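Open your viewer, load the coordinates and keep the selection panel handy. We will go from stop to stop, picking one thing at a time.

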Amino acid sequence: MKLSSFNFKLPEELIAQYPSENRDECRLMVVNRKDGSISHHIFKEIINFFDDGDVMVFNNTKVFPARLYGTKEKTGACIEVFLLRELNAENRFWDVLVEPARKIRIGNKLYFGEDDSMVAEVIDNTTSRGRTLRFLFDGDHDDFKAALYALGNTPLPEYIKRKAEPDDADRYQCIFAEKEGAVMAPAAGTHFSRELLTRLEIKGIKKGFLTLHSGRGNFREIDVEDLTKHRMDSEDMEVNEELVEMVNNAKDEGHKVCAVGTSVLRALATAVCMNGHLMTYKGWTNKFIFPPYEFSVCDAMVSNFHTPYSTMLMMVAAFGGYDLVMKAYEEAIKEKYQFGCYGDAMLVLR
């Protein structure tokens, strides 16, 4: 499978710039791999495709306000800093991306906040855009994180052509988000409202959680035509014993297991055993899934509609079948579905 196989013309007006008014009332396209059918629904109707004993697996990662705007010492040049991960809590070391990267050198100081209340020093150049910053802060770690996050903005993807607004802090987040560490929201999970989760529970549909801290690597351009030569950035993940038992019991009893989002699909594929059952896992994954790929845990998945060439589109195509998924994307464009993290959703049944 080649990179060019995942190109399609996406009209710019179909990339959602804002979320739907209510979480569970975006549009839902249902794609059935068994009979090749495509049907159209409202997201909260997803409950009609699952039964008592089925399991939905969610990613409970929590997005933190990772985008900062600051100025460079002496010149006052505007600098955007994107926090990736904390490297050392004691020394306040952070792995970051900076724009424009050409203006930043080792030893430069950056100032954040209206009164320059937060100062950082560049101590390492790791890539053409990446840097390691040491934040200069007097106080304990909790006070530092609170001060840093107070200056941050919701890290919306670059295809959203506006700055983050106050409402984004809530909507670019799942309602069950718990474990901080992501700079990219598990978008498929954001469509689940409290009311919908309650209705699923009443019907006997179980919900399980894993953690995968989605990073910026999901949006990194693939620069090779041969997909076997692409390497994904590693992401921290955990599948615990409670989820393993829930999923394996459901499979043994003939119930469906649904991955809510490509991050969940990737994590489950990382933690699968040779016998098709799930095992506990805590560590990093750089698994890259594209067609053809054999899945042994999930019978269904939920996903948003993704942009051309994206690794998330490749995962959906691997799960639903390349031809059928690309046909569904053609129909989505024809029917004016909304794409991206704030867009509409697709349910793929196998």
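How many aromatic pairs does a search of the whole structure find? The search turns up 21 of them. Keep in mind as you look around that this is a predicted model.

**Stop 1: the aromatic rings**

Select Phe305 and Tyr337 and show their side chains. The ring centres are 5.3 Å apart and the planes meet at 55 degrees, so this pair counts as tilted. Colour by sequence position and you can see what is being joined: Phe305 belongs to the loop between strand S16 (300–304) and H6, while Tyr337 belongs to the loop between helix H7 (322–334) and strand S17 (345–349), so the pair ties together parts 32 residues apart in sequence. Are these two residues buried or exposed? Phe305 is buried at 1% relative accessibility, and Tyr337 is buried too, at 0%. Now add Phe8, Tyr329 and Phe339 to the selection: ring pairs link them with Phe305 and Tyr337 into a cluster.

Two other rings deserve a visit for the charges that sit over them. Select Tyr18 and Arg162, and you will find the arginine over the face of the ring, 3.9 Å from its centre. Then select Phe319 with Arg350, whose charged end sits over the ring at 4.8 Å from the centre.

**Stop 2: helix H6**

Phe319 has already brought you to H6, so select residues 311–320. How many of the residues of H6 are buried? The count is 10 of 10, running from Thr311 and Met312 through to Phe319 and Gly320. Display the surroundings and you will see what these buried residues pack against: helix H5 (262–270), S16, H7 and S17. Step just past the end of the helix to Gly321, which takes a positive phi of about 95 degrees.

**Stop 3: the nonpolar cores**

H6 also leads into the largest nonpolar core, which has 71 residues. The helix supplies eight of them, the largest share. To find the residues with the most contacts inside this core, select Met29, Val57, Leu268, Leu278, Phe339 and Met346. Zoom in on Leu278: beyond its sequence neighbours, its contacts include Val239, Leu243, Val247, Leu268 and Val297, as well as Asn248. Apart from this core lies another, of 25 residues, with Leu68, Ile79, Leu84 and Phe135 among them.

**Stop 4: the open sheet**

Switch to a cartoon view and trace the open sheet of nine strands in the order S2-S1-S17-S16-S14-S3-S12-S13-S15; its pairing is mixed. Which strands stand at the edges? They are S2 (38–42) and S15 (281–285); each has a single partner strand, so one side of each is left without a neighbour in the sheet. From one strand to the next, the twist averages 25 degrees.

Within the sheet, select S3 (residues 55–59) and S12 (residues 206–212), a parallel pair with five bridges. Val57, which you met in the core, stands opposite Gly208 of S12. Next, bring up helix H4 (residues 241–252): it packs on the sheet and touches S3, S12, S13 (235–239) and S14 (257–260), its direction making about 130 degrees with that of S12.

**Stop 5: the barrel**

Now select the six strands that close into a barrel, in the order S5-S6-S7-S10-S9-S8, with antiparallel pairing. Here the twist averages 45 degrees from strand to strand.

Follow S5 (residues 67–72) to both of its sides. Towards S8 (residues 109–112), the antiparallel pairing runs over three bridges, and Thr71 stands opposite Tyr111. Towards S6, the antiparallel pairing has five bridges, with Glu80 as the bridge partner of Tyr69. Look at the hairpin of S5 and S6 as well: five residues lie between the strands, and Lys74 takes a positive phi near 70 degrees.

Finish at Leu83, in strand S6 (residues 78–88). Leu83 is buried, with a relative accessible area of 0%. Draw a line between the C-alpha atoms of Leu83 and Phe64: they are 9.1 Å apart in space and 19 residues apart in sequence. Beyond its sequence neighbours, Leu83 touches ten residues' worth of company to display, including Phe64, Leu68, Trp94, Phe135, Leu148 and Val183.

Methods. Residues numbered from 1 in each chain as written. Predicted model: local features only at pLDDT ≥ 70, side-chain atom pairs only at ≥ 80, totals over all residues. Heavy atoms only, no water. Core = buried A, V, L, I, M, F, W, Y, C linked by side-chain atoms within 4.5 Å. Buried < 20%, exposed > 50% of the residue type's maximum accessible area, 1.4 Å probe, protein only. Helix = DSSP H or I, 4+ residues; strand = E, 2+ residues; numbered from the N terminus. Contact = heavy atoms within 4.5 Å. Pairing = 2+ DSSP bridges. Axes fitted to C-alpha atoms, helices over the stretch in contact; angles between N-to-C directions. Phe/Tyr/Trp six-rings, centres within 6.5 Å; stacked < 30°, edge-to-face > 60°. Lys NZ or Arg CZ within 6 Å of the ring centre and 35° of its normal. Lists of a residue's contacts leave out its neighbours within four places in sequence.
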